[in-house]
Amino acid sequence: MSDTTEISVIVPVVKLLDTTGRLTRQYLDVLESTGRSFELVYVLDGEHEEFLEHLWAVAQSEPRLRVIQLAKNFGEASALTAGFESTKSPVVLTLPAYAQVEPDAIPKVLERLRDCDVAIATRAPSHSSSSRFKAARRRIFHWLVRIATGQTFSDVGCGVRALKREVVNELPLYGDQYRFIPLLATRRGFKVCEVTVREVEQGGIYDHHGVSAYLARLLDIFGIVFLTRFTKKPLRFFGAIGSTIFAIGALLLAWLAVQRLFFDVALADRPALLLTSLMVVLGMQVFALGLLGELIIFAHARDIKEYSIERIVN
Amino acid sequence: MDLSIVVPLYNEEGSVEPLYRAITDALDSLPLEHGAEILFVDDGSSDTTFACAERLALLDRRLRVVKFRRNFGQTSAMAAGIDLARGTYIVTMDGDLQNDPRDIGQFIAKLEDGFDVVVGWRFDRQDKLVSRKIPSRIANWLIGKVTGVPIRDNGCSLKGFRSGVIKNVPLYSEMHRFIPAMASMAGARIAEIKVRHHARQFGRSKYGLSRVYKVLFDLLMIRMVSGFAARPLAWFALLALPFFLLSTAILTWQVVALFVGSEGSLPIAGAGIFFAALCFFLLFSGVLAELINRTGDMRIMKASLLTATERRNRPRAGKQPLRDVEFSQ
């Protein structure tokens, strides 16, 4: 890679990929048409022997294509991070390894970086019923995200994102968090823009969302709520829940004791005693977890910068 | 450099210039050998605050302006200013002209006297009684009781620090209220001095009655960290103690009942077992906390080195003993 490369295009190859090999060509053609210098970096998350063969075949005649292979499956966030780390260009573009949007729309996304720090593509559904179903699913997900975080996006899951290097440097990614790049970037104070593009019809094979996928998305939302609201103050989260449970349990326990002492209601055969003492115990445990969380933050407070500086004069 | 003045600004376009003039006037009258710097931290203002400050900075090398990408809150703005400050002493103040830069001299004098943290006390506070002064009275009383550092005015932004001390105090979320408490953990010598306070001239107040539970949980956390940060196991053991006593009593009673011949009761024995389990959980949490302490960088613990002094001579007459809060005037 030369230092004058303007755009690093990173394609994480995780599970879904275009096996025909047509997409790589399309990407190269579209990037060529922007007239800016670029490199195309494929990051293979684990073994993808067949695809690797295909990439090598393309790379024969295309010096701007690079391939990075992770030693085993680490997931999309790791693949992206590996791509970010191995490039230096001022602009980073991530693209999906399968046809998600019409490739012609990619320059439009890049264009938006003129006035934004992050530009993400937003898929407008085509008219088929499966596409409409997916669009509805997406709307529900983003509605939940909006309730949870207060941020309005309509398609955070789209793999086409253009980012300025400074954004990449400030966003630590792990697990499933690549999905939340726009949310995390907004939280750091970066300007995120959405560019509406046409969705590509993928056929059935790419579209198996089992129950586990939905559960995973729900966990994602829970995770992002915790991350955006309580990272620095875990006790506010655990403490509020824990002390509520504890207080209810303790009050009921006291009531049981009063009943036993003054109204002569036998205590020994009441399951309510078990329930209330369990609540006291559970409340204390949740609270203790919050304290541990606070201690973790306090012990590492100086490593976690809470602010993001745009500019310093003098 | 002798002195850094850190001022967080949030939508204070009207105040920037008068504030800058007031600070530079105050600085000019101070006998500083190695100069001073002013750090304006623009906390993501939506008005022209940054532009105003930048214009001033272009004419004066002493003024540095930091621009946040978005609004991160006053504590973050102070933390950023303190992180970037280069002076031996750091004075923080509000950007709304309610603090008076002419008081800075007093702070320097106290710091020169050997205090590590000097806290301003707005003894003649110009704010609304019900919405601002009374809640703050209660909060200060509570914070003093819980942390053991009886500062009369924790909310006053006008504070002076020895740079090495404050740079090692963790400042995040809304922790600026607890700076004196945390600094005293590191053995800082704290003094409180009276400062002037003016009514608001420009803009409007950005505080309100914040939710009480936040402060309460923060206090609890500070209590834990400040009292027992060095040995959290002891703290968790203390939490476990009442439940230990309770479960021991219940279980002994049940076992004795068995031997005496009367039948034990399942719910009562069960409750005893729950409480015993809680004891174990809390004790193990304490062990985990010890582990966290080991791996974290508890800089505040290392700050004890910064506040330690070599005592070759007897202390000067009239100087307060270590860790005592001095109230002057």
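**A predicted two-chain model, from its least certain stretch to its packed helices**

Over residues 317-329 of chain B, pLDDT (the predictor's confidence in each residue, from 0 to 100) stays under 50, and for this stretch the model has 17 contacts beyond four places in sequence, two residues being in contact if their C-beta atoms, placed from the backbone, lie within 7 Å. This is a predicted model, in which local features need pLDDT of at least 70 and side-chain atom pairs count only at pLDDT 80 or more, while totals for chains, interfaces and linings use all residues. Residues are numbered from 1 along each chain as its sequence is written, and chains are lettered from A and ligands numbered from 1 in the order in which they are written. Chain B as a whole has a mean pLDDT of 82, with 85% of its residues at 70 or more, and the model scores ipTM 0.78 and pTM 0.79.

Within chain A, an open sheet of seven strands follows the order β3-β2-β1-β4-β6-β5-β7, with mixed pairing; helices (H or I, at least four residues) and strands (E, at least two) are DSSP runs, numbered from the N terminus, and two strands pair if DSSP finds at least two bridges between them. Because β3 (65-70) and β7 (192-198) of chain A stand at the edges with a single partner strand each, one side of each is left without a neighbour in the sheet. From one strand to the next the twist averages 20 degrees. Strand β5 (residues 118-124) of chain A pairs with β7(A) in the parallel sense over seven bridges, and A:Ala121 has A:Val195 in β7(A) as its bridge partner. Helix α2 (residues 49-60) of chain A packs on the sheet, where it touches β1 (7-13), β2 (38-45) and β3 of chain A, and its direction makes about 155 degrees with that of β3(A).

Two packed helices are described by the angle between their axes and the distance between the axes. Here axes are lines fitted to C-alpha atoms, for helices over the stretch in contact, and angles run from 0 to 180 degrees between N-to-C directions. In chain A, helix α5 (residues 129-149) and helix α8 (residues 211-229) pack at an angle of about 20 degrees, with their axes 9 Å apart, which means that α5(A) is roughly parallel to α8(A), a term for angles under 35 degrees. Their contact is made by A:Phe141, A:Leu144, A:Val145, A:Ala148 and A:Thr149 of α5(A) together with A:Arg217, A:Ile221, A:Ile224, A:Val225 and A:Thr228 of α8(A). By class, this contact has seven nonpolar, two polar and one charged residues, where Ala, Val, Leu, Ile, Met, Phe, Trp, Tyr, Cys and Pro count as nonpolar, Asp, Glu, Lys and Arg as charged, and the others, Gly among them, as polar.

Between the chains, the contact takes 47 residues from chain B and 41 residues from chain A. On the side of chain B that touches chain A, α2 (49-59), β3 (63-68), α3 (74-84), α8 (212-228) and α10 (266-295) of chain B each supply at least two residues, and the largest share, 15 residues, comes from α10(B). The residues of that side divide into 30 nonpolar, eight polar and nine charged. Strands also meet across the chains, for four bridges join strand β8 (residues 309-313) of chain A to β3(B) in an antiparallel run, with B:Phe68 in β3(B) as the bridge partner of A:Ile309.

Methods: Parallel < 35°, antiparallel > 145°, perpendicular 65-115°, else oblique.
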